[in-house]
Amino acid sequence: IDTLAPALLNSLGLAVTASLLATGIVLLMVVLNDKGKRPLLRLAIYAPLLVPQVSLVLGLQAVLVWFWLDGTWLAMLWIHALFICPFAYLIIAPAAAAMDRRYIAVAASLGAGPGSRYLRVALPMLAPAITTALFVGVSVSVALYLPSLFAGGGRITTVTLEAVALASGGSRQMAGVAAMLQLAIPLLIFILLRFWQHRRYGKFAGMRAGGLH
């Protein structure tokens, strides 16, 4: 297990950071794309799902090589967030569209500004969708193989990369351990997210829609 410790730490840190970044981007896009005024934003965010992964990754690697970013943490974070964004959008956008905006109208009538209404009313109502998006994002990040292989350039390893390498090398026991770690990371994040959601936004249970109930 000690040999997998660096890959485990890399996967955990990368999955959490990329999921937070992608979820933040999606929340911003939901605000900018209010009532569907910018359809090109949706088309752009769905690109990783519409374009074959090999073709997209090869093109992205060319961009990374051009800017001397291949094999860096910035490249890994960017490409993981890119592949997480479509899933986060598919979770958060419908929840935002189904949100009861009368609560926001009440907050506005009480004098709350746009920023205060978003942070203190909208985000708590979207908490189940946000926690679901974070969990799915971690799961997607941990499972990414080709994007991690090309963006990391062999210098940054993850649990998935180690699992494939160990399996192809004939080390079945260590490959099994790596595969179990792939399951353990999302499970751990799921438990932590559920605990955080219940403690922080439990009082909004009657107002929310969508997500992990």
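**Exercise 1. Is Tyr-46 buried, partly exposed or exposed?**

Work from the predicted model. Then find the aromatic partner of Tyr-46 and place both residues in the chain.

*Solution.*
- Step 1. Take the accessibility. Tyr-46 has 23% relative accessibility, so the residue counts as partly exposed.
- Step 2. Search for ring pairs. The whole structure holds 2 aromatic pairs. In one of them, Tyr-46 pairs with Tyr-89.
- Step 3. Describe the geometry. The centres of Tyr-46 and Tyr-89 are 5.8 Å apart, and the planes make an angle of 80°. Planes over 60 degrees apart count as edge-to-face, so this pair is edge-to-face.
- Step 4. Locate the partners. Tyr-46 sits in the loop between helix 2 (39-45) and helix 3 (47-50). Tyr-89 belongs to helix 5 (residues 73-97). They are 43 residues apart, and the pair links distant parts of the chain.
- Step 5. Check the partner's burial. Tyr-89 has a relative accessible area of 6%, so Tyr-89 is buried.

**Exercise 2. Describe the aromatic pair of Phe-135 and Phe-190, then the helices that carry the two rings**.

*Solution.*
- Step 1. Start with the rings. Phe-135 and Phe-190 are edge-to-face, 5.2 Å centre to centre, with 65° between the planes.
- Step 2. Place them. Phe-135 is in helix 8 (residues 127-143), and Phe-190 is in helix 11 (residues 172-201). The separation is 55 residues.
- Step 3. Compare burial classes. Phe-135 is partly exposed at 22% relative accessible area. Phe-190 is partly exposed at 29%.
- Step 4. Turn to the helices. The axes of helix 8 and helix 11 are 9 Å apart, at an angle of about 165°. Angles over 145 degrees count as roughly antiparallel, so helix 8 is roughly antiparallel to helix 11.
- Step 5. Add the handedness. Helix 8 passes helix 11 in a right-handed crossing.
- Step 6. List contact residues. On the helix 8 side they include Thr-131, Leu-134, Phe-135 and Val-138. On the helix 11 side they include Ile-189, Phe-190, Leu-193 and Trp-196.

**Exercise 3. How do helix 4 and helix 5 pack, and where does Trp-68 lie?**

*Solution.*
- Step 1. Read the packing. The axes of helix 4 and helix 5 come within 12 Å and cross at roughly 150°. That makes helix 4 roughly antiparallel to helix 5.
- Step 2. Give the handedness. Helix 4 passes helix 5 in a right-handed crossing.
- Step 3. Name the meeting residues. Helix 4 brings Gln-53, Leu-56, Val-57, Leu-60 and Leu-64. Helix 5 brings Ala-75, Trp-78, Ile-79, Leu-82 and Phe-83.
- Step 4. Go to the connection. Trp-68 lies in the loop between helix 4 and helix 5.
- Step 5. Check its backbone. Phi of Trp-68 is near 60°, a positive value in a residue other than glycine.
- Step 6. Check its accessibility. Trp-68 has 75% relative accessibility, so Trp-68 counts as exposed.

**Exercise 4. Which residues touch the most other members of the largest nonpolar core, and which helix supplies the largest share?**

*Solution.*
- Step 1. Size the core. The largest nonpolar core has 55 residues.
- Step 2. Pick the best-connected members. Val-26, Phe-83 and Leu-126 touch the most other members.
- Step 3. Assign the helices. Those that each supply at least two residues include helix 1 (5-32), helix 4 (53-66), helix 5 and helix 8. The largest share, 13 residues, comes from helix 5.
- Step 4. Follow one member. Beyond residues up to four places away in sequence, Leu-126 touches Leu-27, Ala-95, Ala-96 and Met-99.
- Step 5. Recall the background. In soluble globular proteins, nonpolar side chains tend to be buried together.

**Exercise 5. Trace the surroundings of Ala-133, then step back to the whole chain**.

*Solution.*
- Step 1. Place the residue. Ala-133 lies in helix 8. Its relative accessible area is 1%, so Ala-133 is buried.
- Step 2. List its contacts. Leaving out residues up to four places away in sequence, Ala-133 touches Thr-23, Ala-88, Ile-91 and Ile-92.
- Step 3. Take one distance. Ala-133 and Ile-91 are 42 residues apart in sequence, yet 6.1 Å apart in space, C-alpha to C-alpha.
- Step 4. Widen the view. Among contacts with a separation of 6 or more, 75% join residues 24 or more positions apart.
- Step 5. Finish with the overall make-up. The protein has 11 helices and 0 strands. Of its 213 residues, 39% count as buried.

Terms used:
Residues numbered from 1 in each chain as written. Predicted model: local features only at pLDDT ≥ 70, side-chain atom pairs only at ≥ 80, totals over all residues. Heavy atoms only, no water. Phe/Tyr/Trp six-rings, centres within 6.5 Å; stacked < 30°, edge-to-face > 60°. Helix = DSSP H or I, 4+ residues; strand = E, 2+ residues; numbered from the N terminus. Buried < 20%, exposed > 50% of the residue type's maximum accessible area, 1.4 Å probe, protein only. Core = buried A, V, L, I, M, F, W, Y, C linked by side-chain atoms within 4.5 Å. Contact = heavy atoms within 4.5 Å. Axes fitted to C-alpha atoms, helices over the stretch in contact; angles between N-to-C directions. Parallel < 35°, antiparallel > 145°, perpendicular 65-115°, else oblique. Left-handed = near helix turned anticlockwise from the far one by under 90°.
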